[in-house]
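Thanks for coming. I will go through one structure this morning, starting at the surface and working inward.

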Amino acid sequence: LLFYVGSWIQERSPAAGLIATQWGLILAPVAAVLWYTRVNLRSALALRLPGPWQGAGAVLIALSWPVVAMQFGLMHNAWLPMPAEMRAAFEAVFDAIGASGGLPMLLFAAALSPAICEEALFRGALATGLRRSAPVWLVVFVTALLFGVFHLSLYRILPTAFTGFILGYAVLRGGSLFIGMAIHFANNAAGILLTRPAVQEALRPVFDVAAAESTWLPWWAVAAAVAVSAAGVVCIERGARIEARRSAVLG
């Protein structure tokens, strides 16, 4: 569906095509299969609010992970650079979406919609199903790998899977799909905002985004982002342990 139908729709209308792909070709089949098999949507998709510790961890990771992911992307690009034609095609799609509805449309189509629909598939239905017969670490690995392959580009498999690891961990240990949605949205939104000239100009004294192909992020920014993400992991672990003890007490 994604390769044949989604690409056909997006070629005709980038904005409407991307939105239709996310909601119609990704989320709708997931909901339909779960409904047909009489699976409880709330439990299958982990649709519950995170606890205080898990929520705090989600916020910390959402704020810091875009920096970590960007640094990994720069390192990956130095090893396996994306062809200029492919990069130009991606930029043309985003420019077309931005031209049709501005920044709000771009954020809805390329940040919010994937955060909801792709999380429902990978960290929702797939992770829940696999978790019935596999340990957490294996579920995180498999769903992250599938998440990378899903983006249908050799040049995006590892960077996307890298983010898929933290998403899978945060959702499975945090017990809430909303954690993955928040981190996913923040990561995509940061990538979109970094393409805006005003944002690039504001960041120029610290980091020249336009020259990011041949440079690394400032070491202190990467170190701070890793530390904040690690603090988020600690918070999620703390919340998971508290809930485990509570469940044991309640029987």
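Does Phe-165 count as buried, partly exposed or exposed, and why? Phe-165 counts as partly exposed, because its relative accessibility is 33%. Keep in mind that this is a predicted model.

Phe-165 sits in helix H7, residues 157-174. Together with Trp-137, Leu-138, Phe-141, Leu-145 and Val-149, Phe-165 makes up a nonpolar surface patch of about 570 Å² accessible area. Helix H6, residues 136-150, supplies the largest share of that patch, five residues.

Next, helix H5, residues 84-131. H5 has 48 residues, yet its end C-alpha atoms are only 40 Å apart, where a straight helix would reach 70 Å. There is a bend of about 125 degrees at Gly-102, and Pro-104 follows within four residues.

Now the interior. The largest nonpolar core has 31 residues, and those touching the most other members are Ile-61, Trp-65, Ile-166, Ala-170, Leu-177 and Ile-183. Elements giving two or more residues to this core include H5, H6, H7 and helix H10 (219-250). The largest share, six residues, comes from H4.

Last, the salt bridges; the count is six. One of them joins Glu-243 and Arg-48, with the closest N and O atoms 3.0 Å apart. Glu-243 is in helix H10 and Arg-48 in the loop between H3 and H4, so this pair ties together parts 195 residues apart in sequence.

Arg-173 pairs with Glu-237 at 2.9 Å between the closest N and O atoms. That pair links H7 to H10, so it ties together parts 64 residues apart in sequence. Glu-237 counts as buried, at 16% relative accessibility, whereas Arg-173 is partly exposed at 30%. Arg-241 joins these two in a salt-bridge network.

How values were computed. Residues are numbered from 1 along each chain as its sequence is written. This is a predicted model: local features need pLDDT of at least 70, side-chain atom pairs count only at pLDDT 80 or more; totals for chains, interfaces and linings use all residues. Side-chain values use heavy atoms; hydrogens and water are left out. Patches are made of residues with over 30% relative accessible area and no salt bridge: like charges are joined within 9 Å, nonpolar side chains (Val, Leu, Ile, Met, Phe, Trp, Tyr) within 5 Å. Accessible areas come from the Shrake-Rupley method with a 1.4 Å probe; for residues, only the protein chains shown count as cover. A salt bridge is a side-chain nitrogen of Lys or Arg within 4 Å of a carboxyl oxygen of Asp or Glu. Buried means under 20% relative accessible area, exposed over 50%, partly exposed in between (1.4 Å probe, protein chains only). The expected span of a helix is 1.5 Å times one less than its number of residues. The bend at a residue is the angle between axes fitted to the seven residues ending there and the seven starting there. A nonpolar core is a set of buried Ala, Val, Leu, Ile, Met, Phe, Trp, Tyr and Cys residues joined through side-chain atoms within 4.5 Å.
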